Amino acid sequence: MSADDPLVRVDGLEKYFWENDSVLDRLLGDDPVPVRAVDGVSFDIRPGETLGLVGESGCGKSTTGETVLRLQEPTDGDVAFDGSSVYDLEGKSLTEFRRNAQVVFQDPFSSLDPRMTIGGIVTQPLEIHDWPWTDADVESRAELRTDGISADIVSVTVDDDVDKLVSPVDGVATVHVTVRSSDVAGDVDPDERGIAEAEGAVAEVAEDLSIDVERGDGIEVHVSVGRSTKQLRLDRARDLLERVGLSVDQLDRYPHEFSGGQRQRIGIARALALEPEFMVLDEPTSALDVSVQAQVLNLLNDLQTEFDLTYLLISHDLSVIRHVCDRVAVMYLGEIVEIGPVDELFEDPKHPYTRALLDSVPRASTDERDRERETLSGDVPSPRDPPSGCRFRTRCPKVIPPADLEIDQETFRELMTLRERVESRDISLETVGDEDEFDLEGGTVVAADADAFARALKGRLLETELPPRHDEIVEDALASVAVGDWEEATERLREEYESVCERQNPALEADDHPVACHLYDEEAGRREAPAPER
Amino acid sequence: MTEDILRVNGLSTRFFTEQGQVNAVSDLDLRIERGEVVGIVGESGSGKSVTARSVIDLIESPGEITEGEIWFNEPDLADAVADDYPEAVDGSFVNLLEVPKQVRRSLRGSSFSMIFQDPESSFNPSLTVGEQIAEAVEVQQRASANPRSTRAKTQEYSLGRLMLSTVLPSKKYVSEASRERAIELLELVGIPDPVERADEYPHEYSGGMLQRAMIAQALAGEPDILVADEPTTALDVTIQAQVLDLLDDLQDETGMTILLITHNLGVVARMCNRVGVMYAGEIVERGTLEDVFDDHVHPYTEGLLGSIPDLESAGGRLEPIPGNVPSLLDHEMPDRCYFADRCPKAMEDCLSHPPEYEGRGTDEHEVRCVLATQEYSEARALSADYFGKDDRTAVDKHADPDGFEDDVQPERAESTVEGSGGERR
């Protein structure tokens with residue numbers, strides 16, 4: 001694999017959850033309803049980088065993370081890890097993938113087993129994957145240096161299983177042994193593992209192994225692992241805990257004795273235990289206080305440099321994303337709307353959703369009150385029934401009007417919201433007008449009142465004045481609503497105001513900073529959209 | 001508009017648990033002017049929610065307000081209680097801690113009102129939203145019809161009726177007028193189609209909408225002070241922005257005073273005129289927004305601001321505060337500056353508990369740190385391992401911010417016993 005190839009390539013990944021899908025539902029003839037949690041996302045993660053996945057709750061970012069790791073089976077699409085498809089893996093290669101790809105979960109309180117000690121938690125992956133690993137094909141060899149003693153009289157034997165602790169290079173695990181005369185070496189601590197003394201000769205091994213010396217005719221040095229598997233695992237756990245900033249004497253404690261930040265560190269130590277290449281960090285700091293969050297973010301940064309890790313960081317917190325990531329993908333309702341390098345995306349966001357998201361974050365500075373912000377109205381639509389075309393169009397402040405429509409953007413936004421409500425029949429007629437002004441019979445107004453009713457309803461639904469031509473259209477449509485003919489109203493409005501945003505789902509262009517928005521769709525731009533005002 | 005509406009002096013709230021006394025709030029001073037937004041910011045376990053609940057008198061056993069005064073500026077109330085409790089009245093101010101519980105209770109809803117963090121769990125899932133808001137309206141109306149009686153509020157809710165309500169629809173207790181008012185309130189907080197929405201159940205609302213509904217409920221009694229405890233923590237940023245805009249608008253319209261509790265410094269900057277930073281049950285720094293954000297003195301404030309990743313520019317390393325939030329158990333709170341063990345500028349002077357000093361900003365600026373009166377000097381600095389290595393690394397034996405755990409931490413407590421008596425009460 002060359003350096004430019006992605007470590008993880010996600011291609012058209014889909015994950016639907018099905019509702020009404022039980023046996024009973026089938027017997028009753030209900031159709032299953034898909035909840036489109038992830039609906040066709042594609043992205044690459046290059047080795048050594050941090051890709052951020054950001055979006056509001058319910059946009060499918062955690063599901064994406066889990067599906068990428070094959071913790072969920074996908075509905076469609078593929079994820080290639082290191083060139084091979086994750087969903088085709090079986091047996092040994094699947095185990096290897098599980099080892100190489102790890103996850104840190106959001107909630108440090110529920111992701112650690114309360115009945116296991118910290119030592120147990122961190123050594124568990126080692127037990128499951130049968131660490132330490134040894135390979136019979138790996139040869140063991142010693143490199144000897146002597147000091148004050150002739151190399152000729154020293155013979156070194158190395159156990160075959162030292163590759164448990166010494167990573168082999170080209171099929172050979174090399175240990176570095178130094179033998180000195182006692183005069184040169186000075187005092188030796190007999191308890192220390194990697195050093196031993198016998199009758200004037202001191203032998204030392206540079207790796208984390210045990211060494212024995214015997215003096216017969218010559219000097220016989222023997223290098224071995226020297227510890228039980230259990231001890232090795234505990235030692236490893238100890239190293240890991242120390243590395244993540246916990247003190248090593250805490251192996252026998254239980255999770256409830258730790259604070260949130262410390263538990264998250266334990267979770268990180270557990271994920272690191274098998275020396276993974278790739279880690280999915282699912283909201284690793286959102287349960288933590290800011291000062292502790294900063295500690296954990298710094299730690300993650302350091303670990304990445306130290307172990308050459310590749311991260312997929314899932315977060316809703318834009319400032320965390322900005323701080324940690326190299327590239328960012330913004331998700332909305334199961335789709336990626338924009339991916340780009342972090343600086344570009346934050347300084348020059350293209351997609352209206354990204355812009356709104358950035359605008360919504362309150363800055364911790366005294367200028368915050370006077371900052372211009374454009375916030376979004378409304379809620380995220382349901383993933384059971386996502387809007388047609390561009391999924392953001394129901395909230396988008398820049399939704400594209402049809403060509404030569406002489407109303408301004410804000411008014412068009414209002415019109416689109418009104419259309420939305422007519423289409424979903426989400427307008428209550430009972431409260432229109434003054435008390436008892438209109439008679440409602442069976443939920444509709446008598447035809448004679450329809451026009452007056454439409455005017456009153458329009459006044460309630462629209463804030464701005466419309467130009468006369470559009471005023472007429474809207475009143476016309478609302479009059480249909482008044483007499484209960486929702487379809488007619490829907491049709492009338494669609495005819496007049498259908499936007500390119502609802503006809504086509506914009507595709508993510510293939511360039512450095514792709515964005516899925518018709519504003520950047522050249523063809524559509526020429527045809528009907530005003531040039532994006534930037 | 002500079003008249004004070006609330007003055008809190010030396011407030012201490014303690015929880016008496018099996019593990020010992022938890023000093024959730026200690027010697028807290030707070031002043032709120034009519035019509036302003038005051039923020040209290042701090043990490044979890046710093047006592048900010050307990051402060052809010054103490055003000056609105058929602059502390060329950062084993063908690064207790066042990067000391068302090070809460071002066072509330074309300075001439076009508078002052079007149080009403082002046083005869084019976086002369087010592088509780090000072091001009092138009094009433095010390096709420098000296099009047100009987102019923103009087104305090106009658107203020108809830110009409111004078112003080114609260115919105116909580118988690119809208120999903122703050123509503124009754126088995127009643128419609130409209131009904132729940134109407135109930136609040138009903139209670140307030142009965143109260144205002146008979147302002148001095150606190151019984152009026154509750155007489156309709158007798159045990160018999162409570163039991164009946166399990167079989168009869170509770171709508172019975174809500175008059176048509178209250179329902180109308182509830183719908184008005186829902187409209188006020190920007191819920192589309194309030195008439196239909198009023199008949200929906202909480203699970204049919206989204207999180208942002210429920211938070212709006214909760215605000216509507218809190219507004220039912222037209223309160224003078226709205227206590228908002230982490231009102232946007234459970235919400236997404238775009239929804240958070242909507243809710244903050246709403247609170248802003250409501251405040252402009254009604255001139256309501258807001259006490260905003262949050263851990264998010266961005267929300268504070270967005271909303272507040274004045275801010276108090278809490279740490280270990282104390283306000284360690286307070287002042288105007290500019291005092292605290294730009295002219296801060298306390299190293300904790302500095303650390304808190306330094307911990308936030310910057311959205312505007314790609315930052316280098318963050319500057320976190322080492323260590324964890326301290327235990328609030330009384331026997332584990334040594335007599336010194338509570339932040340000294342995590343403080344990068346701890347000096348020998350920090351071994352006695354600091355009083356509030358004048359800050360270098362406006363008149364409002366008060367800091368509980370010796371750095372307000374002297375420069376940091378290396379010569380007087382405490383050695384890095386003064387509090388034991390454990391405190392400096394991330395090791396924390398006090399995972400539970402509420403202090404409901406019984407781990408002891410001998411080194412730290414003992415090492416500072418000799419720190420001579422500071423200003424600790």
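**A colleague's note on the two-chain model**

1. Let us start inside chain B. Setting aside neighbours within four places in sequence, B:Val25 touches B:Leu11, B:Ser12, B:Thr13, B:Arg14, B:Gly47, B:Val50, B:Thr51 and B:Gly281. This residue, B:Val25, belongs to strand 2 of chain B. B:Val25 has a relative accessible area of 0%, so it counts as buried. For a sense of scale, the C-alpha atoms of B:Val25 and B:Gln102 are 24 Å apart, and the two residues are separated by 77 places in sequence. Please keep in mind throughout that this is a predicted model.

2. Next, have a look at the loop that joins strand 2 (20-33) to strand 3 (37-41) in chain B, where you will find B:Glu36. Is this glutamate, B:Glu36, buried or exposed? With a relative accessibility of 6%, B:Glu36 is buried. A polar atom of the B:Glu36 side chain sits 2.8 Å from the backbone nitrogen of B:Glu33. Beyond its neighbours within four places in sequence, B:Glu36 has contacts that include B:Arg31, B:Gln251, B:Met256 and B:Thr257. Also in contact with B:Glu36 are B:Ile258, B:Asn273 and B:Arg274.

3. B:Arg31 leads us to a salt bridge. Its partner is B:Asp4, and the closest N and O atoms of the two are 2.7 Å apart. B:Asp4 is in strand 1 (residues 4-17) of chain B and B:Arg31 in strand 2, so that this pair links distant parts of the chain, 27 residues apart. The two ends do not have the same exposure class: B:Asp4 is buried at 9% relative accessible area, while B:Arg31 is partly exposed at 21%. Through shared partners, salt bridges join B:Asp4, B:Arg7, B:Arg31, B:Glu33, B:Glu36, B:Arg274 and B:Glu364 into one network. The loop residue from the previous point, B:Glu36, is thus one of the members of this network.

4. Now for chain A. Over all chains, the structure holds 60 salt bridges, and one of them connects the side chains of A:Arg391 and A:Asp39, with an N to O distance of 2.5 Å. Which parts of chain A does this pair tie together? A:Arg391 is in the loop between helix 11 and helix 12 (409-423), and A:Asp39 is in strand 2 (residues 33-45), so the bridge ties together parts that are 352 residues apart in sequence. Both ends are buried: A:Arg391 has a relative accessibility of 8%, and A:Asp39 has 11%.

5. A second salt bridge in chain A is worth a visit. A:Asp235 pairs with A:Arg227, and their closest N and O atoms are 2.6 Å apart. A:Asp235 is buried, at 12% relative accessible area. A:Arg227 is buried too, at 14%.

6. On to the cysteines. How many disulfides does a search of the whole structure find? The search finds zero over all chains. Taking A:Cys325 as an example, the nearest cysteine sulfur belongs to A:Cys59 and is 14 Å away. A:Cys325 is buried, with a relative accessible area of 5%. In chain B, why is B:Cys343 not bonded to B:Cys350? The sulfur of B:Cys350 is the closest cysteine sulfur to that of B:Cys343, but at 5.9 Å it is too far for a bond. B:Cys343 is buried as well, with 6% relative accessibility.

7. Finally, let us see where the chains meet. Chain A and chain B each bring 54 residues to the contact. The area buried between them is about 4,600 Å², with 51% of it from carbon and sulfur atoms. Across this interface of chain A and chain B there are zero salt bridges by the rule used, but 16 residue pairs are in polar contact, with both residues at pLDDT 80 or more. On the side of chain A that touches chain B, at least two residues each come from helix 7 (260-272), helix 8 (290-307), helix 9 (318-324), helix 10 (342-347) and helix 11 (352-360). Helix 8 of chain A gives the largest share, nine residues. Sorted by class, that side of chain A has 15 nonpolar, 21 polar and 18 charged residues.

How values were computed: Residues numbered from 1 in each chain as written. Chains lettered and ligands numbered in written order. Predicted model: local features only at pLDDT ≥ 70, side-chain atom pairs only at ≥ 80, totals over all residues. Heavy atoms only, no water. Contact = heavy atoms within 4.5 Å. Buried area = accessible area lost by both parts, 1.4 Å probe. Salt bridge = Lys/Arg side-chain N within 4 Å of Asp/Glu carboxyl O. Polar contact = N/O pair within 3.5 Å; in protein donor to acceptor, adjacent residues only side chain to side chain. Helix = DSSP H or I, 4+ residues; strand = E, 2+ residues; numbered from the N terminus. Nonpolar A, V, L, I, M, F, W, Y, C, P; charged D, E, K, R; others polar. Disulfide = S-S within 2.5 Å. Buried < 20%, exposed > 50% of the residue type's maximum accessible area, 1.4 Å probe, protein only.
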